[in-house]
Amino acid sequence: MIKKIIVSFCLLISLTALAQEGTSSPYSFYGIGDIKFKGTVENRSMGGLSIFPDSIHINLQNPAQLASLKRTNFSIGATYLNTKSKTETQSDKARRTALDYLAVGVPLRKLGLAFGLIPYSSVGYKIQSITETTVANEKEVLTNQYYGIGGVNKVFFGVGFGLTKKINFGVDVQYNFGKIETTNTTTKTVNNDFVQDGTRELNSSDLRGVNFDLGITYQTKLNNKLSLFSSINYTPQYSLTVNNSRTIETFQSLSTIGTVTSSVQADVADTTIKIPSKLSFGTGFGETKKWLLGAEVTLLNTSVTNNRFTDISGSTFENAVRYSVGGYFIPNYNSFTSYAKRVTYRGGIRYENTGLVIKNKSITDCAANIGLGLPMRGTVSNINIGLEVGKRGTKSYNLVEENYVNLSIGLSLSDLWFVKRKFD
């Protein structure tokens, strides 16, 4: 049954993954857009922690954790995003639904393999500014509109294996690909009559590149019940090649003959975007299948990051850092009488300096998370639900403050594969 479900989902996702609009943030204007992937629903519900080993869930943040898999697992997750954006004078609301990940993990004795698709970043903004002036008793209205869509996706293959009973090591290779399209339109209206002059700039960027991740984990018993968990994950700096094209259109609306439009292909150089190196390390302790508590720090060398086009001004990048604290609690993993006691209760908090600096103001992001792992009767599969409430940016300095409530749902199907029959 699980094999049929996997095939059906893969066919569906292959048609829809590249077309989704996973953000509504004006901050996605910079770099390669919003970095959307923050782990599976289980990890996100704990503030983004990736340090805990799990035998029935795929860990997509640290490939060393794949060595802990004991059952073949198919995982898929999606998020419903509800965002309210505010400036000092205006506010707006936006809603989006986006795929977060699609992955398959397979245990092979001391090895754990995984492959799948991750929509990594997303561009999705609609911005408009209006300036009114009066010249010679004529009211002129200048309107600037900015629109962007697209993002970067990752196809990955990872392997984790046990070096010793306490130490696991892992590596994964990721192929990055995507397309970002932006449109900038400027129009001038005189006396609210007609569009006298207008220009439109259409940019298209195809992005490609390869990178890899390295991970190592350590686990040991402190006593009969308590265990200690530690992990390190490192992603070296890599580059994405960007093939750019640009079309410039001019148009004029006349009351007698309608709109007259002309266009020309503009020369724009291909560019290279640097994606920063990332180092994550954390530790935690607890009683396996009962409770766990941990903390993690992620450092990103974001100061090397650049925009797709060098003519974007008003922004810079600095080194970023993210702090996560969280854990889970299971009242009674083996309870036969109470379903509520078998539920996994998760929680965590996250704070990060995103590395983006606009008008000399660092853009920060903080959130609180809670989640539930709901076991499916008769199996070790489960449905995971996570709720995230947070804030990014500020409405001071004429910037944008985003208050968001995100609801994530993940399906984790686990089964035993490749088991030799003992009876025909």
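On a 1 Å grid over the protein atoms alone, a cavity is a set of points where a 1.4 Å probe fits but cannot get out, and its lining residues have an atom within 4 Å of a point. What you're looking at is a predicted model, where local features need pLDDT of at least 70, side-chain atom pairs count only at pLDDT 80 or more, and totals for chains, interfaces and linings use all residues. Residues are numbered from 1 along each chain as its sequence is written, and side-chain values use heavy atoms, with hydrogens and water left out.

Let's start inside. The structure holds two cavities of 30 Å³ or more, and the largest has about 70 Å³ of space, a volume being the space filled by probe spheres set on the points. Its lining includes Asn-59, Pro-63, Ile-118, Phe-156 and Asp-172. The elements giving two or more residues to that lining are β4 (111-135), β5 and β6; strands here are DSSP runs of E, at least two residues, numbered from the N terminus.

From there, move to the loop between β5 (138-162) and β6 (167-190), where you'll find Thr-164. With a relative accessible area of 45%, Thr-164 is partly exposed, that is, between buried (under 20%) and exposed (over 50%), using a 1.4 Å probe and protein chains only. Its side chain reaches two backbone nitrogens: that of Lys-166 at 3.1 Å and that of Ile-167 at 3.0 Å. Thr-164 also has its C-alpha atom 9.5 Å from that of Tyr-218, though the two residues are 54 apart along the chain.

Now for the outside. Tyr-80, Ile-370, Met-376, Ile-383, Leu-387, Val-389, Val-405, Leu-407 and Ile-409 make a nonpolar surface patch of about 690 Å². Patch members need over 30% relative accessible area and no salt bridge, and nonpolar side chains are joined within 5 Å. Two or more residues of this patch come from each of β18 (382-393) and β19 (401-415). Leu-407 sits in strand β19 and is partly exposed at 36% relative accessibility.

Finally, a look at backbone angles. Most residues other than glycine have a negative phi. Which phi does Asn-360 have? It's positive, about 65 degrees, although Asn-360 is not a glycine. Asn-360 lies in the loop between β16 (344-358) and β17 (361-375), and is exposed at 80% relative accessibility. Asn-398 has a positive phi too, near 60 degrees. That residue is in the loop between β18 and β19, and its relative accessible area of 53% makes Asn-398 exposed.

Terms used
Helix = DSSP H or I, 4+ residues; strand = E, 2+ residues; numbered from the N terminus. Polar contact = N/O pair within 3.5 Å; in protein donor to acceptor, adjacent residues only side chain to side chain. Patch = residues over 30% accessible without salt bridge, like charges linked within 9 Å, V, L, I, M, F, W, Y side chains within 5 Å. Areas by Shrake-Rupley, 256 points an atom, 1.4 Å probe, with all protein chains shown as cover. Salt bridge = Lys/Arg side-chain N within 4 Å of Asp/Glu carboxyl O. 1 Å grid on protein atoms, 1.4 Å probe; cavity = no way out; pocket = protein on both sides within 12 Å on 5 of 7 lines; lining within 4 Å.
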